[in-house]
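Here's a structure you haven't met before. Let's go through it together and ask where each label comes from.

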Amino acid sequence: MKTAIFAHRGSKGNRPENTIAAFKEAMRINSDGIELDVHLTKDQELVIIHDEKIDRTTNGKGYVKDYTLQELKQFDAGAWFSDEYKGERIPTLKEVLTLLKDYEGTLNIELKTDRIDYPFIEQKVIDAVHEWRPNHPTLYSSFNHESLARLKAIEPEADFGILLFEKLYDPWLYARHIGASSLHLYKPAALSPSTSVIQDEGLAVRAWTINDADDMRRLFALDVDGIMTDYPERAMKIREEFSD
Ligand code: G3P
Ligand code: MG
């Protein structure tokens, strides 16, 4: 099996995370998948940014939820990373879905509902995917498993992975209970012997966030289903060392 390589927050290692520049880079190298994070603005628009606050990745301050989309668009989301990316803005989910319309890889949309449980975000995300990128695979994930259960209730066929920091006992039982197709495990859990048991139980295992070359090799050798990495190009080269 070939482990799928997901460009984490676009291509976070060499582009400002979760920006159009980062998603274009992931498309350029043709990673198997792209991961991004979604939040909701004050005026109920879906935007792509990792943190609840804009302080770290823009020249602004405060919570995403306290700004309208128009206000958020005033802030620069690239200059903090490098002058070369000055002028990048926080993208909307619609802008990214439109950009990735012909990208055939899997888009992993992480619902950032674990700290702020944005009302009705699941329905909005599903509607946006149906409208703007209906023809290629989408994989949902979240650390808020109630949010995933809501997503499943809205779209029973939705493919989603349970994000976990913890090592759970017999995690496939929990995953099946929610109706997930995969577990998205923090590196120490993914590197444990139980990974193959989880796969034998019929669930896909994806590991995050894997940036070290030796960790990549260990996970490719374990035949995990996917890794999330800030350096997808590096991962693709290392994967060539492994036969299918
Ligand atoms: O999906 C893997 C990873 O994105 C989860 O953590 O904090 O980078 O969104 P975070
Ligand atoms: Mg994420």
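Q: What makes the confidence in this predicted model easy to state, and what is the mean pLDDT of the protein?
A: This is a predicted model, and the protein has a mean pLDDT of 97, with 100% of its residues at 70 or more. Among its elements, helix α7 (residues 187–190) has the lowest mean pLDDT, 94, while strand β3 (residues 46–48) has the highest, 99. For the complex, the predictor gives an ipTM of 0.99 and a pTM of 0.98.

Q: Which residues surround ligand 1?
A: The shell consists of H8, E35, D37, H50, E110, S141, L163, H184, W208, T209 and M228. Sorted by class, that's three nonpolar, five polar and three charged residues.

Q: How do you know which residues in the shell around ligand 1 are charged?
A: Asp, Glu, Lys and Arg count as charged, and the shell includes E35, D37 and E110. That fits the three charged residues in the breakdown.

Q: What kind of peptide bond runs from W208 to T209, cis or trans?
A: That one is cis, with omega near -25°. Most peptide bonds are trans. As for where this happens, T209 lies in the loop between β8 (204–208) and α9. Both W208 and T209 also belong to the shell around ligand 1.

Q: What is the sign of phi in N18, positive or negative?
A: Phi of N18 is near 55°, so to speak on the positive side, and N18 is a residue other than glycine. Most residues other than glycine have a negative phi. You'll find N18 in the loop between β1 (4–7) and α1 (20–29).

Q: Why are α9 and α10 called oblique to each other?
A: Helix α9 (residues 213–221) and helix α10 (residues 232–239) pack at an angle of about 50°, with their axes 10 Å apart. Angles under 35 degrees count as roughly parallel, and 65 to 115 as roughly perpendicular. An angle of about 50° fits neither range, and therefore the two helices are oblique. Their crossing is right-handed.

Q: Which residues of α9 and α10 meet?
A: From α9 come A213, M216, R217 and F220, and from α10 come R234, A235, I238 and R239. By class, this contact has five nonpolar, no polar and three charged residues.

Q: What makes α4 oblique to α5?
A: Helix α4 (residues 121–132) packs against helix α5 (residues 145–154) at an angle of about 50°, and their axes are 9 Å apart. With roughly parallel ending at 35 degrees and roughly perpendicular starting at 65, that angle makes α4 oblique to α5. The crossing of these two helices is right-handed.

Q: Which residues does α4 bring to its contact with α5?
A: Helix α4 brings E122, Q123 and I126, which meet S147, R150, L151 and I154 in α5. The contact divides into three nonpolar, two polar and two charged residues.

Terms used: Residues are numbered from 1 along each chain as its sequence is written. Chains are lettered from A and ligands numbered from 1 in the order in which they are written. This is a predicted model: local features need pLDDT of at least 70, side-chain atom pairs count only at pLDDT 80 or more; totals for chains, interfaces and linings use all residues. A residue is near a molecule or strand if its C-beta atom, placed from the backbone, lies within 6 Å of it. Axes are lines fitted to C-alpha atoms, for helices over the stretch in contact, and angles run from 0 to 180 degrees between N-to-C directions. Helices (H or I, at least four residues) and strands (E, at least two) are DSSP runs, numbered from the N terminus. Angles under 35 degrees count as roughly parallel, over 145 as roughly antiparallel, 65 to 115 as roughly perpendicular and the rest as oblique. A crossing is left-handed if the near helix is turned anticlockwise from the far one by less than a right angle, and right-handed if clockwise. Two residues are in contact if their C-beta atoms, placed from the backbone, lie within 7 Å. pLDDT is the predictor's confidence in each residue, from 0 to 100.
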